[in-house]
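Hi everyone, thanks for making time. I'll walk you through a structure that's new to most of you, so have a look at it first and then we'll go round it together.

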Amino acid sequence: MGHLDPHPPPPRTNRPLLNDPDPTMRSLASDEFHDLSNTLTDTLHTTFPALLVPPSPTRHLSALMELKSGVGGSESSLFLSDLLRMYQRLANDADWKATVVGKNATDAGGIKDAIVEIKGQGVYDALRWESGVHRVQRVPATETSGRTHTSTVAIVVLPLVEETEAHDDDLFSMDDIKLEVMRARGAGGQHVNKTESAVRLTHIPTGITVSMQDERSQHQNRRRAFQVLRSRLLDQKLTRETAERRAARRGLVRGADRSEKIRTYNYAQDRVTDHRIGLTLMNLTAVMEGDGLQVFLNAIKKNHDEGVMEDMLNAD
């Protein structure tokens, strides 16, 4: 099957009237001609792709977002705080519920790492493409010479399965889980309570480790730790299944590398660039504090849907 023409020929329904001797009739025909052309173009680029792209199997899932500071020391931790606020603002605007379920703060006011639970219809599909390395270029508040520093934050977005929906037999066996309890520690390493409320889980087959100590009781931390473990294992399963489908259809595997730099936030140039689709917005404040992030999310989804369509059209 060939490619779709992105610029279809205009409709022929009223073409003779465009040359009608009556100027009023020509004007009406011209208006209708442009309306029909716009409708056809919108149908081709929006309605038709929406019907052709199969429904996402994860469209009902919420998400867990893990943020970890990378290169840049304290500036990376401060940028992580900024990104966390950006996603919390997005969740509020979208009527999603965002809850920070774990974080490690720094003495300088930043956050070393955080886990955010974001609940709502379609959250995972909307945010899954935020996984990757986010790079910031700006002058830190503590920089006296005005030199620009580059720092990074790594983000992983995981599918969130509610406990009522979970089928753990499909993801792990309790025989493969090593569970440890310990006393919670503060930022400086000191014990912050006298009870063993902190929990660490290790999934032996994959080596995945989850530690949780932010909740008040061992039971709550255990529940949160299993929630994160379940999400990480489901993410592995979905990634593997996606790769297998692509490999079967095209003979190759093409996926997102989570160690890859996906977006740059340049404060001096008031610029945010998404390197995967080559989109740049010259309004950093709108991305961090307004609706600019949604522009990126919409563009990346459109790019993904077009890729799915291309795969389908080029399939043997």
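Before we start, one term: two strands count as paired if DSSP finds at least two bridges between them. Strands S10 and S11 pass that test, because 3 bridges join them, and they run antiparallel. Keep in mind too that this is a predicted model.

So how much confidence comes with it? The mean pLDDT of the protein is 83, and 83% of its residues reach 70 or more. There is a weak stretch, though: over residues 249-256 the pLDDT stays under 50, and the model has 11 contacts there beyond four places in sequence. Where pLDDT is low, the predicted coordinates shouldn't be read in detail. I'll leave that stretch alone.

Okay, the sheet with 8 strands. It's an open sheet, the pairing is mixed, and the order is S2-S3-S1-S5-S4-S9-S10-S11. Which strands stand at the edges? Those are S2, residues 97-105, and S11, residues 279-281; each has a single partner strand, so one side of each is left without a neighbour in the sheet. On average, neighbouring strands here are turned by 15 degrees against each other, ignoring direction.

Let's follow the S9, S10, S11 end. S9 covers residues 261-266 and S10 covers 271-274, and they pair antiparallel over 4 bridges. Two pairs to find on your screen: Tyr 265 sits opposite Val 272, and Asn 266 sits opposite Arg 271. These two strands make a hairpin with 4 residues between them. In the turn you'll find Asp 270, with a phi near 55 degrees, which is positive even though the residue isn't glycine. Most residues other than glycine have a negative phi, so that's one to notice. Is Asp 270 buried or exposed? Somewhere in between: with a relative accessible area of 31%, Asp 270 is partly exposed.

Carry on along S10. Arg 271 and Thr 273 point one way, Val 272 and Asp 274 point the other way, and all of them are buried. Val 272 also has a partner on the S11 side, standing opposite Leu 281. S10 and S11 form a hairpin of their own, again with 4 residues between the strands, and there Gly 278 takes a positive phi near 70 degrees.

Now the helices that lie on this sheet. H2, residues 74-93, lies across S1, S2, S3, S4, S5 and S9, running at about 10 degrees to S3. H6, residues 292-314, lies across S9, S10 and S11, at about 170 degrees to S11. One residue of H6 is Met 309, which counts as buried because its relative accessible area is 8%. Met 309 and Pro 54 are 255 residues apart along the chain, yet their C-alpha atoms are separated by 9.3 Å.

Just past H2, in the loop leading to S2, is Asp 95. Asp 95 also has a positive phi, near 60 degrees, and this residue is exposed, with a relative accessible area of 71%.

What about the inside? The largest nonpolar core has 53 residues, and those with the most contacts inside it are Leu 67, Leu 83, Tyr 87, Leu 127 and Tyr 265. H2 gives the most to this core, with 8 residues. In soluble globular proteins, nonpolar side chains tend to be buried together. Take Tyr 87 as a way in: beyond its neighbours within four places in sequence, its contacts include Met 65, Leu 67, Ile 155, Arg 263 and Leu 293.

Ser 151, in strand S5, is buried too, with a relative accessible area of 1%. Leaving out residues up to four places away in sequence, Ser 151 touches Glu 75, Ser 76 and His 134, among others.

Last stop, the sheet with 3 strands. This one is open as well, with antiparallel pairing and the order S6-S7-S8. S6, residues 177-182, and S8, residues 208-212, stand at its edges with a single partner each, so one side of each has no neighbour in the sheet. Neighbouring strands here are turned by 15 degrees on average, direction ignored. S6 is joined to S7, residues 198-203, by 6 bridges, and Val 181 faces Val 199 across that pair.

That's my tour, and I'm happy to take questions.

Notes
Residues numbered from 1 in each chain as written. Predicted model: local features only at pLDDT ≥ 70, side-chain atom pairs only at ≥ 80, totals over all residues. Heavy atoms only, no water. Axes fitted to C-alpha atoms, helices over the stretch in contact; angles between N-to-C directions. Contact = heavy atoms within 4.5 Å. pLDDT = per-residue confidence, 0-100. Buried < 20%, exposed > 50% of the residue type's maximum accessible area, 1.4 Å probe, protein only. Core = buried A, V, L, I, M, F, W, Y, C linked by side-chain atoms within 4.5 Å.
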